[in-house]
Amino acid sequence: MAQPQRRFRVNVLVDWSKAFVDEDGSFYCGATEAQKDAAAQVIGAADLVVYAVDVHTPKSAEFLPNGGVYPVHNLLLQDPSSARSSSCLLTAKLQRAVEQRLSMLGKDQAALTPRHVHFQDYQGAGSVPCPSFRREDVCKTFGVPEFGDKVRPIGAKLGYVVSPKCDFNGCSVRATQHYGSFPGVNNEDFNVFTCLNREYGLGEKLDITVTGVVLGICVYQTASNLRQLFPRANVTIVIDATKQLTGKQFGFEDEKIGEAAVRGMCAQLNVSVATSADYLKTTK
């Protein structure tokens with residue numbers, strides 16, 4: 001009897017940037033080497049790895065020097081001489097894991113920047129829409145080629161996609177066509193998940209894992225929206241490959257309370273929560 005075809009495995013790396021997860025990072029969240037190790041193991045089982053990462057320029061409206069609330073972080077084309085890393089590049093341990101996986105798969109890599117991310121600093125009515133950067137800046141920063149400006153299949157050819165974002169939800173797209181056309185910016189707002197949706201529809205043949213930082217914000221937001229986009233997919237947060245914020249100011253005094261809250265919220269959405277060891281058992 002023929003064995004059922006296994007699901008296509010997509011591993012989403014949320015904000016594992018040098019700025020966020022390395023100890024010398026400009027916005028270090030406290031991620032540990034053990035959490036990176038767990039994330040690297042999950043990469044090793046994936047058919048496609050997606051790096052969903054915040055990207056900004058020094059003029060970003062969300063930075064403290066510009067009237068925002070966050071330290072400078074995840075810069076495109078960062079000056080390597082900076083004392084603390086503000087880089088959006090994938091942390092070194094996971095970059096090595098991605099390169100090893102790409103070599104095993106024999107697949108290509110690309111960067112696909114959703115249109116709205118270019119306009120993250122648009123001030124609204126009365127201002128003129130202007131992209132903060134171009135596709136070429138993303139490709140130069142990450143050292144990967146452009147995906148292109150049209151929705152097309154991904155699974156068979158690409159093993160790694162850099163997916164810039166500016167929202168907590170790494171899957172989001174927005175209507176920005178009314179801003180007009182600009183060089184180095186796609187005319188249509190789409191992302192890697194749009195392409196996967198075209199290929200896999202409701203996701204019955206998809207197995208999606210989510211790791212990254214931080215658990216209660218971007219990881220949860222991305223996983224919950226993946227569930228909505230692919231209602232028949234397996235969507236799993238790999239809990240020991242995430243970092244959560246704890247402390248009274250963040251609403252959870254310790255990690256057990258925070259994890260219990262996330263598990264409960266995920267249960268309401270049918271998003272699984274598993275350790276890396278338990279998840280990897282399902283891939284054998």
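Start by selecting threonine 91 and lysine 36: their side chains are joined by a polar contact of 3.5 Å. (A polar contact is a pair of N or O atoms within 3.5 Å; within protein, one must be able to donate a hydrogen and the other to accept it, and residues adjacent in sequence count only if both atoms are side-chain atoms.) What you have open is a predicted model, where local features need pLDDT of at least 70, side-chain atom pairs count only at pLDDT 80 or more, and totals for chains, interfaces and linings use all residues. Residues are numbered from 1 along each chain as its sequence is written, and side-chain values use heavy atoms, with hydrogens and water left out.

**Stop 1: around threonine 91**

Stay on threonine 91 and add aspartate 22, whose side chain makes a polar contact of 2.6 Å with that of threonine 91. Threonine 91 sits in the loop between strand 2 and helix 3 (92-105). (Helices, H or I with at least four residues, and strands, E with at least two, are DSSP runs numbered from the N terminus.) Its relative accessibility is 2%, so threonine 91 counts as buried. (Buried means under 20% relative accessible area, exposed over 50%, and partly exposed in between, with a 1.4 Å probe and protein chains only.) Now show the neighbours: beyond four places in sequence, threonine 91 is in contact with Trp16, Ser17, Lys18, Val21, Asp22 and Lys36. (Contact means heavy atoms within 4.5 Å.)

**Stop 2: helix 2**

Lys36 takes you to helix 2 (residues 33-43), where the buried residues are Gln35, Lys36, Ala38, Ala39, Val42 and Ile43. Look down the axis of helix 2: these residues fall within an arc of 160 degrees, so they line one face of the helix. (The arc is that of the directions from the helix axis to the C-beta atoms.)

**Stop 3: helix 6**

Jump to helix 6 (residues 192-200) and pick out its buried residues Val192, Phe193, Cys195 and Leu196. Their arc around the axis is only 155 degrees, which puts them on the same side of helix 6. Colour their partners next: strand 1 (8-14), strand 2 (48-54), strand 4 (158-165) and helix 7 (215-229) pack against these buried residues.

Then check both ends. At the N-terminal end, asparagine 191 is the cap, with a side-chain oxygen 2.9 Å from the backbone nitrogen of phenylalanine 193. After helix 6 comes glycine 201, with a positive phi near 55 degrees.

**Stop 4: backbone oddities**

Select valine 213 and valine 214, which are joined by a cis peptide bond with omega about -15 degrees. Valine 214 belongs to the loop between strand 5 (206-213) and helix 7.

Two asparagines come next. Asparagine 74 has a positive phi near 50 degrees without being a glycine, and asparagine 270 is also not a glycine but has a positive phi of about 65 degrees. Are they buried or exposed? Asparagine 74 is buried at 0% relative accessible area, whereas asparagine 270 is exposed at 55%. Find asparagine 74 in the loop between strand 2 and helix 3, and asparagine 270 in the loop between helix 8 (255-269) and strand 7 (272-274).

**Stop 5: the pockets**

Go back to Val214: along with Phe20, Phe27, Tyr70 and Ile217, this residue is among the closest to the centre of the largest pocket, out of 19 that line it. The space in the largest pocket is about 430 Å³. (On a 1 Å grid over the protein atoms alone, a cavity is a set of points where a 1.4 Å probe fits but cannot get out, and a pocket is an open set with protein on both sides within 12 Å along at least five of seven lines; lining residues have an atom within 4 Å of a point. Grid points are joined across faces, edges and corners, and a volume is the space filled by probe spheres set on the points.) Its lining has 13 nonpolar residues, one polar and five charged. (Ala, Val, Leu, Ile, Met, Phe, Trp, Tyr, Cys and Pro count as nonpolar, Asp, Glu, Lys and Arg as charged, and the others, Gly among them, as polar.)

The second largest pocket holds about 180 Å³. Select its lining, including Arg6, Arg7, Arg9, Asp207 and Asp278. Strand 6 (234-243) and helix 9 (276-281) each contribute at least two of the lining residues.

**Last stop: the cavity**

How many cavities of 30 Å³ or more are there? The count is one, with about 50 Å³ of space. Helix 5 (residues 135-142) gives the most to its lining, with three residues. To finish, select residues of that lining, among them Arg135, Val138, Cys139 and Glu146.
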